[in-house]
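Please open the model in your viewer and keep the sequence panel visible. The tour below proceeds by selection, with a short account of what is found at each stop.

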Amino acid sequence: AAVSAFVPPAGRAANKVAFAPTGSVSFDTSLNAEDMYWEDEYPPSKVLGPYMSKMPSGLLGIISLALLGTCVYSCAQSGILQQEPGAIASGAWVKWYYVLGSFMGPLAWGTHVAAWIQRKNGM
């Protein structure tokens with residue numbers, strides 16, 4: 001009796017799919033893949049998205065330096081905390097704000113690339 005719960009009734013065919021869409025789905029894509037293609041040395045500013053494509057390269061450079069400074073500071077402070085006696089064994093050197101700060105390194109790299117793109121595009 002318990003096994004019959006997993007077997008479809010004899011008079012009814014089992015469904016082939018768990019979910020079948022009822023209507024058509026349309027996607028509004030304002031940017032197509034063709035819009036993002038380039039053959040020059042650098043891409044157009046629109047690859048940076050709606051916000052960063054309007055920022056000047058100097059501002060993006062300053063943001064990149066601030067993010068890099070945050071990452072370096074967080075990693076250095078974690079290193080100092082690791083040197084305290086018993087900190088490694090207890091995990092006391094792991095601080096959430098230093099972990100968060102260490103994630104600013106990839107953002108710094110991305111914003112410096114965005115600054116380079118904007119500089120090449122004359123912004």
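Which residues make a nonpolar surface patch of about 650 Å²? The model to be inspected is a predicted one, and a suitable first selection is V94, W96, Y97, V99, L100 and F103, the residues that make this patch. Within that selection, centre the view on V99, which belongs to helix α4, spanning residues 96-102. V99 has a relative accessibility of 36% and counts as partly exposed.

**The chain as a whole**

Now display the entire chain as a cartoon. Its secondary structure amounts to 5 helices and 0 strands, and the order along the sequence is α-α-α-α-α. Switch to a surface representation: about 9,600 Å² is exposed by the chain, and 65% of that area is supplied by carbon and sulfur atoms. Of the 123 residues in the chain, 18% are buried. If a contact map is available, consider the contacts between residues at least 6 apart in sequence: 73% of these join residues at least 24 apart.

**Helix α4 and the two cysteines**

Return to helix α4 and select S102, which is found there. S102 is partly exposed, at 27% relative accessibility. Add L68 to the selection and compare the C-alpha positions: S102 and L68 are 34 residues apart along the chain, and their C-alpha atoms are separated by 9.0 Å. Next, show the residues that S102 touches; setting aside those up to four places away in sequence, they are C71, S74 and C75.

Two of these contacts of S102 are cysteines, C71 and C75. Why do C71 and C75 not form a bond? The sulfur of C75 lies 4.2 Å from that of C71, its closest cysteine sulfur, and this is too far for a bond; the cut-off for a disulfide is a sulfur pair within 2.5 Å. A search of the whole structure accordingly returns 0 disulfides. From the side of C71, the nearest cysteine sulfur is that of C75, and C71 is in no disulfide. Colour the two residues by accessibility to see their settings: C71 is buried, with a relative accessible area of 13%, whereas C75 is partly exposed at 43%.

**The nonpolar core**

For the next stop, select L48, L60, A114, A115 and I117. These 5 residues form the largest nonpolar core. Helix α5, covering residues 104-120, gives the most to this core, with 3 residues. Take A114 as the point of reference: apart from its neighbours within four places in sequence, A114 is in contact with L48, M52 and L60. L48 and L60 are themselves listed among the core residues.

**Q118 in helix α5**

Remain in helix α5 and select Q118, which lies there. Is Q118 buried or exposed? At 0% relative accessibility, Q118 counts as buried. Display its surroundings as sticks: beyond residues up to four places away in sequence, Q118 touches S45, L48, M52, S53, K54, M55, S57, L60 and M123. Among them are L48, M52 and L60, which are also contacts of A114.

**The salt bridge at K120**

The last selection is K120, placed in helix α5, together with E41. How many salt bridges does a search of the whole structure find? The search finds 1, and it is formed by E41 with K120, whose closest N and O atoms are 3.7 Å apart. The pair links distant parts of the chain, as E41 belongs to the segment before α1 (49-52), K120 belongs to helix α5, and 79 residues separate them. The two partners fall into separate accessibility classes: E41 is exposed, with a relative accessible area of 58%, while K120 is partly exposed at 35%.

Finally, extend the selection around K120. Leaving aside neighbours within four places in sequence, K120 is in contact with E41 and Y42. P44 may be added for a distance check: K120 and P44 are 76 residues apart in sequence, and their C-alpha atoms are 9.0 Å apart in space.

Notes. Residues numbered from 1 in each chain as written. Predicted model: local features only at pLDDT ≥ 70, side-chain atom pairs only at ≥ 80, totals over all residues. Heavy atoms only, no water. Core = buried A, V, L, I, M, F, W, Y, C linked by side-chain atoms within 4.5 Å. Buried < 20%, exposed > 50% of the residue type's maximum accessible area, 1.4 Å probe, protein only. Helix = DSSP H or I, 4+ residues; strand = E, 2+ residues; numbered from the N terminus. Contact = heavy atoms within 4.5 Å. Patch = residues over 30% accessible without salt bridge, like charges linked within 9 Å, V, L, I, M, F, W, Y side chains within 5 Å. Areas by Shrake-Rupley, 256 points an atom, 1.4 Å probe, with all protein chains shown as cover. Salt bridge = Lys/Arg side-chain N within 4 Å of Asp/Glu carboxyl O.
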